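Reader: Hi! I have a bit of time before my next spin finishes. Could you walk me through this one?

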Amino acid sequence: MYRSSKGRTGQRRASRIKTVVEDMDEYDIVFVGCPVWWHTAPMAIWSFLKSDNYDFSGKTIIPFCTYEETYRDKTLAKIVELTPNSKHLDGFGTIDKNADVTNWLNEIGVITVNN
Ligand SMILES: Cc1cc2nc3c(=O)[nH]c(=O)nc-3n(C[C@H](O)[C@H](O)[C@H](O)COP(=O)(O)O)c2cc1C
């Protein structure tokens, strides 16, 4: 269904992001989430992670994505690839917008669930 041709989605060129997270230095852990677009993360994610405004080195990046049928793993891997100097925890991808993320967050140690 999703072929490699690019649509009118800005996927051919870097997206310009209008806002800046001013206090990124305050965060040790950053969840980076997006929908899968054309087999990968949307260009806005590439722009965000490559932005000179931020230094993600040493931070923990946790990727997650929503998708319809394909390229979940490639999209999660792209977020990892775009943050080579960061630590990473196992990502999560779902086709279910109401997915319960409790088990995932428990497995990666972000929360503790007492059973
Ligand atoms: C331009 C575009 C490209 C997409 N490409 C893919 C794709 O390659 N694989 C896939 O499984 N879903 C693809 N989708 C479906 C989206 O990933 C899905 O609609 C999205 O994750 C749902 O979240 P949202 O409601 O926040 O957009 C695409 C959607 C759009 C709009």
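Reader: Let's jump right in: what does cysteine 65 touch, not counting residues up to four places away in sequence?
Author: Cysteine 65 touches Gly33, Cys34, Pro35 and Val36, along with Arg72, Thr75, Leu76 and Gly93. Keep in mind that this is a predicted model.

Reader: Good to know. Where is cysteine 65 found?
Author: Cysteine 65 is found in strand S2, which spans residues 60-66.

Reader: And is cysteine 65 buried or exposed?
Author: Cysteine 65 counts as buried because it has 26 C-beta neighbours inside 10 Å, and the cut-off for buried is 20 or more.

Reader: You listed Leu76 among the contacts. What separation do the C-alpha atoms of cysteine 65 and leucine 76 have?
Author: Those C-alpha atoms are separated by 6.9 Å, with the two residues 11 apart along the chain.

Reader: And Gly93, where does that one come in? Which residue stands opposite glycine 93?
Author: That would be cysteine 65, which stands opposite glycine 93 in S4. S2 and S4 (residues 92-94) run parallel and are joined by 3 bridges.

Reader: Okay, which other strands does S2 go with? Start with S1: in what sense do S1 and S2 pair?
Author: S1 and S2 pair in the parallel sense, over 7 bridges. Valine 30 stands opposite isoleucine 61 of S2 there.

Reader: How many bridges join S2 to S3?
Author: 2 bridges join them, and S2 and S3 (residues 87-88) also run parallel. Isoleucine 61 turns up again here, as its bridge partner in S3 is histidine 88.

Reader: How many residues of S2 are buried?
Author: S2 is mostly covered, with 5 of its 7 residues buried.

Reader: Let me zoom out a bit. How many helices and strands does the protein have?
Author: There are 3 helices and 4 strands. Reading from the N terminus, the order is β-α-β-α-β-β-α.

Reader: I see a β-α-β at the start of that. What handedness does the unit of S1, H1 and S2 have?
Author: S1, H1 and S2 make a right-handed β-α-β unit.

Reader: Tell me about that helix, then. Which residues of H1 are buried?
Author: In H1, which covers residues 43-50, the buried ones are Met43, Ile45, Phe48 and Leu49. They pack against strand S1 (29-35) and helix H2 (72-81).

Reader: I notice the spacing in that list. Why do residues three or four places apart on an α-helix point the same way?
Author: An α-helix has 3.6 residues a turn, so positions with that spacing point the same way.

Reader: Makes sense. What about the inside: how many residues does the largest nonpolar core have?
Author: It has 18 residues, and those with the most contacts inside it are Val32, Val36, Ile45, Leu49, Ile61, Cys65 and Ile79. S1, H1, S2 and H2 each supply at least two residues of this core, and S2 gives the most, with 4 residues.

Reader: Val32 is in that list. Which residues is valine 32 in contact with, leaving aside its neighbours within four places in sequence?
Author: Valine 32 is in contact with Ile45, Leu49, Ile61, Pro63 and Ile79.

Reader: New topic: loops. What is the phi of histidine 39?
Author: Histidine 39 has a positive phi of about 75°, although it is not a glycine. It is found in the loop between S1 and H1.

Reader: And where does tyrosine 71 lie?
Author: Tyrosine 71 lies in the loop between S2 and H2. Its phi is positive too, at about 70°.

Reader: Why does histidine 39 count as partly exposed? And is tyrosine 71 buried or exposed?
Author: Histidine 39 is partly exposed because 15 other C-beta atoms lie within 10 Å. Tyrosine 71 is buried, with 20 other C-beta atoms within 10 Å.

Reader: Last stop, the C-terminal part. Is threonine 102 buried or exposed?
Author: Threonine 102 lies in helix H3 and is exposed, with 10 other C-beta atoms within 10 Å. Its C-alpha atom and that of valine 113 are separated by 7.9 Å.

Reader: And valine 110, where does that lie?
Author: Valine 110 lies in the segment after helix H3 (102-107). It is partly exposed, with 14 other C-beta atoms within 10 Å.

Technical notes
Residues are numbered from 1 along each chain as its sequence is written. This is a predicted model: local features need pLDDT of at least 70, side-chain atom pairs count only at pLDDT 80 or more; totals for chains, interfaces and linings use all residues. A residue is buried if 20 or more other C-beta atoms lie within 10 Å of its own, exposed if 12 or fewer, and partly exposed in between; C-beta atoms are placed from the backbone. Two residues are in contact if their C-beta atoms, placed from the backbone, lie within 7 Å. A nonpolar core is a set of buried Ala, Val, Leu, Ile, Met, Phe, Trp, Tyr and Cys residues joined through C-beta atoms within 7 Å. Two strands pair if DSSP finds at least two bridges between them. A crossover is right-handed if, with the strands pointing away from the viewer, the path from the first strand over the helix to the second runs clockwise.
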